[in-house]
Structures are given as C-alpha cells and as structure tokens.
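Work through the following exercises with the model in view, attempting each task before reading its solution.

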Amino acid sequence: HAQASQNMNFREEYARLRQPTFCMGCHGSGFSEDTGAFLFEGVVCSNCHFTENNIEHPPAPMVIASDSQSCGACHNGAHAPSYDEWLGSGHAAASIDCVDCHTPHNNGLRQGSVNDTCGNCHVEATLDPVHMGEDLDCKSCHMRRETDASGIHVIATGHDMSIDPGTCAECHGNVHILSAVRAGVIEGTEEAPGVAASVHSGAGSGAASPQATTEDERAVEAQQNVTLGIIGGALGTLVLVAIGALILRRLRA
C-alpha cells in the first residue's frame, strides 16, 4: 500500500498514459477531483483508519474500515477486479470479507501460507493426497491469475474461487479424455491407479502411461462413434422430412 504510487509498473504506465489524475484516487491519498491534486503518495493510514465527522482522535474513537466494500473502493474495475470477483463468490455469500484472509498492513495472508489460510476453514480440502502435493496449493486450482497483453494490468485474480477447466487440463491433459474414462476411475479399474499416479507424478506435463493412453483412446473413439451415429440419424430424418414436404407441396399444387 505504501508503495502504490512508487511501484515501477505503475510509474511506467502512469507516464505512458500522460499522468491521468484519476489514477491517484487509488494510488495516492487525499485526492481531490476538483483540483487533481493529492496529499500523499501511496495509501496511508487515514485511508482505512479515520474518525467520524473528522473529530480529533483522541478522544474520538478510531473507525477501522474492515469491510470488503472499503477495499473494493480501489480493488475493482478492469485492471484490479478482486472485489468484483469476490462479489460472485461463495465467500461473499458467507460474508467472508477480505480481512478474514488478508492482513492489510503487509498485504499478506492471515495464516502465513495459502494452504494454512484456506485450511483455517476448509480443513477437509487440505487432506487431499493428490491436490495437496508439494508442488500444489489451493490457488493452483482455484485462483487462476491473468494479465492483459501488456503484462501489467491484472484482468483476472481468481477471487471468485471458481475452477477453469483449462486449469485441470494443465495437469490432467485432455479433459474430454478424462471425462470418457471417469466411470472407470470411480469404479477402481486396473487402469485407474495408473492414470492417477501418472497424472500426479507428471503434474503440468499431462503425462500418462501407455496402457492408460490406449484405453483412453478406445473410450474416446467409442464415444465419437456413438456421436456420429446420432448425427447421421438426425441428418437422415431431416432429409426425409424435407422430401415429404416437397411431395406434399406438389400434391397440393
């Protein structure tokens, strides 16, 4: 927060855009829309700690802006969408605010690590022997982060906590193949352990054993044959209907 106006990415982008004054509404403190001036560089204490009606503290009690709406005053919009994403999440529905996970003073996490912070509520998820491996944590699946073409503006932070199918495919390979063999994995067929082991050990590479790959290909081929049969039947029906309509029109004429 203290470096919000000194961050090199911000300074370069701010200069490229010819220093638009509205940027300092979030990257500075005490910004005035009327004058375009600001009192302090960066986000200072008074942005989040203040007294009502500007009464001096002490003796007036200090108000702490700890609700997500206060954070969302800056952490929203096209290049900082954390608050907007949070609004559509299960966390928002459960009234889990930003400060329940984050420590504003150092932009860190309450429990230090991602898994410890999430595990403070989601204990059962941390017991997953596959997805809680040494090279994975909760945000690996639930918080896909994306930037725009410049690589500066963050267009997705993952605070909606949803899982993009593309994220699964990065480790598990072709998601359509996975769907085709899912029933076999659930039933505990001989191929299932091989698939699970190869996926976990080859995280990120989509590696799978030759036997599992062969079974996967057969399953996909069978599914494709069924699909082609359905499509062919539908096209045949349409042709018959079209011919019938032509015959009926000629009879009426």
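**Exercise 1. The salt-bridge network**

Determine which residues are linked in a network of salt bridges, and describe how its members are placed.

Solution. The network links R144, E146 and E170, where a salt bridge is a side-chain nitrogen of Lys or Arg within 4 Å of a carboxyl oxygen of Asp or Glu. This is a predicted model, in which local features need pLDDT of at least 70 and side-chain atom pairs count only at pLDDT 80 or more, while totals for chains, interfaces and linings use all residues. Residues are numbered from 1 along each chain as its sequence is written, and side-chain values use heavy atoms, with hydrogens and water left out.

Step 1: take the two pairs in turn. The side chains of E146 and R144 meet at 3.9 Å, N to O, and those of E170 and R144 meet at 3.1 Å, N to O. 

Step 2: place the second pair along the chain. Because E170 lies in helix α8 (residues 165–172) and R144 in the loop between α7 (138–142) and β7 (146–147), this pair ties together parts that are 26 residues apart in sequence. Helices (H or I, at least four residues) and strands (E, at least two) are DSSP runs, numbered from the N terminus.

Step 3: read the accessibilities, for which buried means under 20% relative accessible area, exposed over 50%, and partly exposed in between (1.4 Å probe, protein chains only). R144 is partly exposed at 30%, E146 is partly exposed at 36%, and E170 is partly exposed at 45%.

Step 4: add the count. By the rule stated above there are 4 salt bridges, among them one between the side chains of D137 and K139, at 3.9 Å, N to O. D137 is buried, with a relative accessible area of 19%, whereas K139 is partly exposed at 41%.

**Exercise 2. The faces of helix α1**

Identify the buried residues of α1 and explain how they are arranged around the helix.

Solution. Step 1: the buried residues of α1 are F10, E13 and Y14. Seen down the axis of α1, they fall within an arc of 105°, so they line one face of the helix; the arc is that of the directions from the helix axis to the C-beta atoms. On the other side of α1, M8 and R16 are exposed. 

Step 2: ask what lies over the buried face. The cover of the buried residues of α1 includes α2 (24–27), contact here meaning heavy atoms within 4.5 Å.

Step 3: look at E13, which belongs to helix α1 (residues 8–16). E13 counts as buried because its relative accessible area is 9%. Its side chain makes a polar contact of 2.8 Å with the side chain of R16, where a polar contact is a pair of N or O atoms within 3.5 Å; within protein, one must be able to donate a hydrogen and the other to accept it, and residues adjacent in sequence count only if both atoms are side-chain atoms. Leaving aside residues up to four places away in sequence, E13 touches I152 and H153.

Step 4: inspect the two ends. At the start of α1, a side-chain oxygen of N7 comes within 2.9 Å of the backbone nitrogen of N9, and α1 is followed by R18, whose phi is positive, near 65°.

**Exercise 3. The loop between β3 and β4**

Find where cis peptide bonds and a positive phi occur in this loop, starting from the bond between H57 and P58.

Solution. Step 1: the peptide bond from H57 to P58 is cis, with omega near -15°, and P58 lies in the loop between β3 (49–50) and β4. A cis peptide bond also joins P58 and P59, with omega about 15°, and P59 is placed in the loop between β3 and β4.

Step 2: N53, found in the loop between β3 and β4, has a positive phi of about 60° although it is not a glycine. N53 is exposed, with a relative accessible area of 71%.

Step 3: move on to strand β4 (residues 63–64), which contains I64. I64 counts as exposed at 53% relative accessibility, and, not counting residues up to four places away in sequence, I64 touches C48 and H49. I64 and T51 are 13 residues apart in sequence and 8.8 Å apart in space, C-alpha to C-alpha.
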